[in-house]
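Here are a few exercises to work through with the model open in your viewer. Try each task before you read its solution.

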Amino acid sequence: MNTDRLVAWEHARLSARRLAESAHLAALESIVTALRLAPDEAPFWAHFADLMQYFNPNYPADPLLLDLLGRALEHPAVDPGNLVRPITRLALSRPPGELFADPLLLRMLELSVTRDEELERRLADARAEALQQVSGTPALPLRALVAVAHQCFNSEYVFAETAPETEAVEHLRRAIAAAADPCPLGHAVYACYRPLVSLENAQATASKLAATPLATLARRQILEPLEERRLAGAIPVLTPEASGISAKVREQYESNPYPRWIRTQSAFTTGSLAEITRELFPRADLVGVTPGPARILVAGCGTGQNSIATARRFLASRVLAVDLSLASLAYAQRKTLELGINNIDYRQADILGLESLPQRFDFIESSGVLHHLQDPLSGWRVLASLLEPRGLMRIGLYSAMGRRHIAHARERVARGFAADPEGIRACRAAIRARPDDPLLARVARGEDFYSMSGCRDLLFHVQERSFTLPEISAALEQLGLSFLGFEFADGGATASRYRARYPADRALANLENWHQFEQEHPDSFSRMYQFWVRARG
Ligand SMILES: C[S@@+](CC[C@H](N)C(=O)[O-])C[C@H]1O[C@@H](n2cnc3c(N)ncnc32)[C@H](O)[C@@H]1O
């Protein structure tokens, strides 16, 4: 390593420490220095994007910041979702009339799902205006309209739609079908309301649009969904057809695969299972954890973000990734092929039917899944039975405390609406109509509120339950598993707070303390409890 690179890494490590202390501005200054010295280090870009979530810059902004945001947005190691907040704030602080002149905003609309009520309103107004002007001269340049169409597709058409709009879209669909050649403007407007794949002769339309500014839109809205349909038919099945609650859960994720993602963070610490666990839990008993390639099961892999991250994180591993939903598996398979990853095998399976699986695994991961089983413990028991002796698990379960606002929204509002697109749109409006209710207002600010499948997962799940830490502790006893520790996605801020509160628990693994800590800091696990356990000898 040359001197610049060594110094750059020093600054990056300093930035990480400052993030753990919640000193965000100092952390940003350090990572910007690191990027200036070694801009080819992918982890620096990922860390910069992580940090930017804590900032709300205003226009006109420092040109250096704008340059870094633009480069981060294009960087393959960065999850564009982490840049949504600062880019939205910048765009909305521009003078009125300049919103769609912001290149960062247009690119962000293409690459992620936005999460801001005002921005959503501006986008919804823009598409409504474009629909009215479809046969005249549009107010919005085609490039901006295409970006809006990308956003409408990314959020799965979750924006409210009026009856006159529905009628005008139907009229537009007929006009498109009757025309001999595609009109890019008409197709872009249509794509703001319905996916282009819903047009007659969608495949031929994609070919015709390939040489127009709508080429990417046609790929995303026609070719990729068609590819997923083809891939779904070729995914091998491991267990008999799901029944009971599993069948209902499957049905939900067949119509609404979740989470839908475009690009995910790819720069994180990689290593063998032994190396990664040693780094995460330096005080745990990890004797015997395989130092070589791990055999891994991802149970409930969803749309592949989870299985792909795991396959990349554990070097030379072989991953079996299963899920109930073929639509989710096909999405995962398409993204896996697109990224050139070749150590994952996708199979359709119900966790409850996996007990006869002959393979055994060094590591099993099941995040955001077991709480959707009728009896989570029985599914967890099946997974535990597939572990090698002293094998490891990483589990993600909902926290009752962390999800109190969601329980409130389900109980008070969502119950009154159908779990279909119209019902979900109406439920969103009803939640937004109650800004006086802080728990509902919090739900309306959450990421999942901004996409159809996110809202369905958040507020309309056919089966879910939440846990407390004493319940998890009792489950571990029953299953013969030992708790190793939590994983957080906040750069170590929660762990630092816990350490300051319980300095004697040096392994950060006392669940009674953590339960107490959660009472004092009720949002510590607002996404989920994510933790590692190990089978006892
Ligand atoms: C919320 S998604 C989480 C996906 C993934 N683990 C992630 O973190 O991105 C839950 C997934 O669990 C799957 N699932 C739920 N119950 C299951 C079961 N009994 N067997 C297999 N998969 C199941 C669903 O089909 C869905 O794709």
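## Exercise 1: the cores

The largest nonpolar core has 94 residues, and Phe 48, Leu 83, Phe 100, Ile 431 and Leu 459 touch the most other members. Helix H8 (residues 142–154) supplies the largest share of this core, eight residues. Keep in mind that you're looking at a predicted model.

**Task.** Find the other core and list some of its residues.

**Solution.** Look apart from the largest core: there you'll find another one, of 43 residues. Phe 467, Leu 479, Trp 514 and Val 533 are among them.

**Task.** Pick Leu 83 and work out which residues it contacts, leaving aside neighbours within four places in sequence.

**Solution.** You should get Ala 49, Met 52, Leu 69, Ala 72, Leu 73, Val 78 and Met 108.

## Exercise 2: a residue in a loop

**Task.** Locate Asn 82 and decide: buried or exposed?

**Solution.** Start with the location: Asn 82 sits in the loop between helix H4 (63–74) and helix H5 (84–92). Next, take its relative accessibility, which is 10%. Buried means under 20%, so Asn 82 counts as buried. Finally, check who is around: skipping residues up to four places away in sequence, Asn 82 touches Ala 49, Asp 50, Met 52, Gln 53 and Gln 265.

## Exercise 3: two packed helices

**Task.** Describe how helix H17 (residues 376–385) packs with helix H22 (residues 469–479).

**Solution.** Two packed helices are described by the angle between their axes and the distance between the axes. For H17 and H22, the angle is about 45 degrees and the axes are 11 Å apart. The pair is therefore oblique. As for handedness, the crossing of H17 and H22 is right-handed. Now go down to the residues: Leu 377, Trp 380 and Arg 381 of H17 meet Ala 475, Leu 476, Gln 478 and Leu 479 of H22. Sorted by character, the residues of this contact come out as five nonpolar, one polar and one charged.

## Exercise 4: a strand residue

**Task.** What does Leu 392 touch, not counting residues up to four places away in sequence?

**Solution.** First, find Leu 392 in strand S5 (residues 387–397). Its relative accessible area is 1%, so Leu 392 is buried. Then collect the contacts of Leu 392, which include Leu 273, Val 289, Phe 363, Leu 484 and Trp 532. Take Leu 484 for a closer look: Leu 392 and Leu 484 are 92 residues apart in sequence and 9.4 Å apart in space, C-alpha to C-alpha.

## Exercise 5: buried side of a helix

**Task.** Which residues of helix H23 (residues 493–501) are buried, and what do they pack against?

**Solution.** Ala 493, Thr 494, Ala 495 and Tyr 498 are buried in H23. The buried residues of H23 pack against helix H1 (3–20) and helix H24 (511–520).

Terms used. Residues numbered from 1 in each chain as written. Predicted model: local features only at pLDDT ≥ 70, side-chain atom pairs only at ≥ 80, totals over all residues. Heavy atoms only, no water. Core = buried A, V, L, I, M, F, W, Y, C linked by side-chain atoms within 4.5 Å. Buried < 20%, exposed > 50% of the residue type's maximum accessible area, 1.4 Å probe, protein only. Helix = DSSP H or I, 4+ residues; strand = E, 2+ residues; numbered from the N terminus. Contact = heavy atoms within 4.5 Å. Axes fitted to C-alpha atoms, helices over the stretch in contact; angles between N-to-C directions. Parallel < 35°, antiparallel > 145°, perpendicular 65-115°, else oblique. Left-handed = near helix turned anticlockwise from the far one by under 90°. Nonpolar A, V, L, I, M, F, W, Y, C, P; charged D, E, K, R; others polar.
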